[in-house]
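Please look through the structure shown here, and then follow the explanation below, which goes from one part to the next.

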Amino acid sequence: MYLAKIYVTYKPSILDPKGESIKSALHRLAYENVADVTMGKYFELKLTGVDQDDVAAQVKDICDKLLVNVNMETYRFEIEALEAV
Amino acid sequence: MRFAVIVFPGSNCDEDMYHAVVDQLGESAQLLPHTATSLAGFDGVLIPGGFSYGDYLRCGAIARFSPIMPAIIDFANQGGLVLGVCNGFQVLTEAGLLPGALHENTSLEFICKDTELKITNPNTRFTSAYTTDTITLPIAHGEGNYYCDPDTLAQMQANGQIVFTYTDNPNGSVADIAGITNAQGNVLGMMPHPERAVEALLGLTDGLGLFESMAQATKTAL
């Protein structure tokens, strides 16, 4: 069993209105040194499989097909092997 | 002309679409559930607004994998007329039938108001019946901020794919875009709601021309 941790954010070229809004709230709270805020999505998938490279290839497919809109978002992921219970 | 109005879980403008083309335009239509797998017998597809699948993940992202979608993609690839409004536009971009993507309005507010649009391409199968170059249609969306990369924008401009632009951009869309077609001109996606502007009793009638254009184009082709 593997655990995939997937991080999705807007591409840098896209204005992130939620990130901008959070940044201005932080400035109002006097955290003036916050220069930039990016808000994204985080997924955890548990996958059965033997070979970690195969699982990684599958996670990439899953991201490209459904979890991520590659027109406006970018992603990275990590895969950990889970101890058999 | 026989329209299919696609109904996803969470669609909420399906009845308005049906009312527009059947009661106002006098064409025929059928509400078709997302579980259908065939569009045999239909001349046009209308993908309505709403919150398909609760807008979970991204607007339109889950509807894009509904059982009806392969039939819609085939229908579009064979040149059939497909209109997606609001959430329907989001579904069409997620399905790759239209370029770009839609994300949060820059104001982060859900905007519900009448907006003036310029018809930037009057020579499409969706706009040919209009005799004016500005129309007013309501918008009602939180995620209508259209994005595409500069190369895609240049391509769309060169091909005349940008059909409607906002006079006063409400949501931050690139190049004031309110509605676009695919390169072949048979698939239109737009955030404003033509189906909510089809009778004087409700205040606006500028949406009718769009459905009339589709009906004319289909009858000419038959």
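In this predicted model, a good place to begin is A:Val8, which stands opposite A:Tyr75 in strand S3 of chain A. The strand S1 of chain A, residues 2–10, is joined to S3(A) by 9 bridges, and the two run antiparallel. Pairing of this kind is made by backbone hydrogen bonds between the strands of a sheet, which may be parallel or antiparallel.

Seen as a whole, the sheet of chain A is an open one of 3 strands in the order S2-S1-S3, with antiparallel pairing. Strand S2 (41–47) and strand S3 (73–81) of chain A are at the edges, where each has a single partner strand, and therefore one side of each has no neighbour in the sheet. From one strand to the next, the twist averages 20 degrees.

Two helices of chain A can be placed beside this description. Helix H2 of chain A, residues 52–67, lies across S1, S2 and S3 of chain A and runs at about 150 degrees to S3(A). Helix H1 of chain A, residues 17–28, has 12 residues, which at 1.5 Å a residue should span 16 Å, and because its end C-alpha atoms are 17 Å apart, the expected and the computed spans agree. Just after H1(A) comes A:Ala30, which takes a positive phi of about 80 degrees.

Chain A also meets chain B, where 10 residues of chain B are in contact with 9 residues of chain A. On the side of chain B that touches chain A, the residues divide into 4 nonpolar, 3 polar and 3 charged.

Within chain B, the UniProt annotation "active site", which comes from an unreviewed entry, covers B:Cys86, B:His193 and B:Glu195. These residues are spread over 110 residues of sequence, yet they cluster in space, with a largest C-alpha distance of 10.9 Å.

Of the annotated residues, B:His193 lies in the loop between strand S11 (187–190) and helix H5 (208–221) of chain B, and B:Glu195 is found in the loop between S11 and H5 of chain B. B:His193 counts as buried because it has 23 C-beta neighbours inside 10 Å, and B:Glu195 counts as buried because it has 28 C-beta neighbours inside 10 Å. Leaving aside residues up to four places away in sequence, B:His193 touches several residues, including B:Cys13, B:Val85 and the annotated B:Cys86. With its neighbours within four places in sequence left aside, B:Glu195 is in contact with B:Cys13, B:Asp16, B:Met17, B:Ala20, B:Val85 and B:Gly207.

How values were computed
Residues are numbered from 1 along each chain as its sequence is written. Chains are lettered from A and ligands numbered from 1 in the order in which they are written. This is a predicted model: local features need pLDDT of at least 70, side-chain atom pairs count only at pLDDT 80 or more; totals for chains, interfaces and linings use all residues. Two residues are in contact if their C-beta atoms, placed from the backbone, lie within 7 Å. Ala, Val, Leu, Ile, Met, Phe, Trp, Tyr, Cys and Pro count as nonpolar, Asp, Glu, Lys and Arg as charged, and the others, Gly among them, as polar. Helices (H or I, at least four residues) and strands (E, at least two) are DSSP runs, numbered from the N terminus. The expected span of a helix is 1.5 Å times one less than its number of residues. UniProt positions are given in the numbering used here, feature names are shortened, and annotations may be inferred rather than shown by experiment. A residue is buried if 20 or more other C-beta atoms lie within 10 Å of its own, exposed if 12 or fewer, and partly exposed in between; C-beta atoms are placed from the backbone. Two strands pair if DSSP finds at least two bridges between them. Axes are lines fitted to C-alpha atoms, for helices over the stretch in contact, and angles run from 0 to 180 degrees between N-to-C directions.
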